[in-house]
Amino acid sequence: MSSDRMMRIKLTVANRSYPLNVRMEEEAQLRSASKRINAMMQELEQAYSVKDKQDLLAMTAIQLATALENYRSKKWIDEEEAVEEMDRLLGKLGAFL
């Protein structure tokens, strides 16, 4: 049973506060995500001496989107491999029967 209880939180990303109404079960993930974004921005700022927050946000968004695409492509490959393995095993089972 999923809870639809809402709560108001404030997240800070790139030194700006964002008030949000969220489901209680989403709070921890959102707070973790905002911390991750801020940490990534700080790493980029130190690595590339970039000071503009807009540039840092864009660079962070590109990194996160790339990681998501990599995850999706690996998941797709894994699913495809699983289907191929199931077909192979079904073929062996069919030959046995």
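Hi everyone. Let's start on the surface, where Asp78, Glu79, Glu80, Glu81, Glu84 and Asp87 gather in a patch of negative charge. Do keep in mind that this is a predicted model. If you'd like to find the patch, look for Asp78 in helix 2, which covers residues 53-96. Asp78 has a relative accessible area of 48%, so this residue is partly exposed.

Now, on to charges that pair up. How many salt bridges does the count come to? The count comes to 5, and I'll walk you through some of them.

Take Arg31 and Glu27. They form a salt bridge, with the closest N and O atoms 2.9 Å apart. Why are these two separated by about one helical turn? Because they sit 4 residues apart in helix 1, residues 27-48. As for accessibility, Arg31 is partly exposed at 32%, and Glu27 is partly exposed as well, at 23%.

Back in helix 2, the side chains of Arg72 and Glu69 meet in a salt bridge, 3.6 Å from N to O. Here the spacing is 3 residues, so again the partners are separated by about one helical turn. Arg72 has a relative accessible area of 49%, which means partly exposed, and Glu69, at 46%, is partly exposed too.

There is also a network to show you: salt bridges with shared partners join Arg23, Glu25 and Glu26. Within that group, Glu26 bridges to Arg23, and their closest N and O atoms are 3.2 Å apart. Glu26 counts as partly exposed at 26% relative accessibility, and Arg23 does so at 34%.

That's my tour. Thanks for listening!

Terms used: Residues are numbered from 1 along each chain as its sequence is written. This is a predicted model: local features need pLDDT of at least 70, side-chain atom pairs count only at pLDDT 80 or more; totals for chains, interfaces and linings use all residues. Side-chain values use heavy atoms; hydrogens and water are left out. Patches are made of residues with over 30% relative accessible area and no salt bridge: like charges are joined within 9 Å, nonpolar side chains (Val, Leu, Ile, Met, Phe, Trp, Tyr) within 5 Å. Accessible areas come from the Shrake-Rupley method with a 1.4 Å probe; for residues, only the protein chains shown count as cover. A salt bridge is a side-chain nitrogen of Lys or Arg within 4 Å of a carboxyl oxygen of Asp or Glu. Lys and Arg count as positive and Asp and Glu as negative; His and the chain ends are not counted. The place of a charge is taken as NZ of Lys, CZ of Arg, CG of Asp or CD of Glu. Buried means under 20% relative accessible area, exposed over 50%, partly exposed in between (1.4 Å probe, protein chains only).
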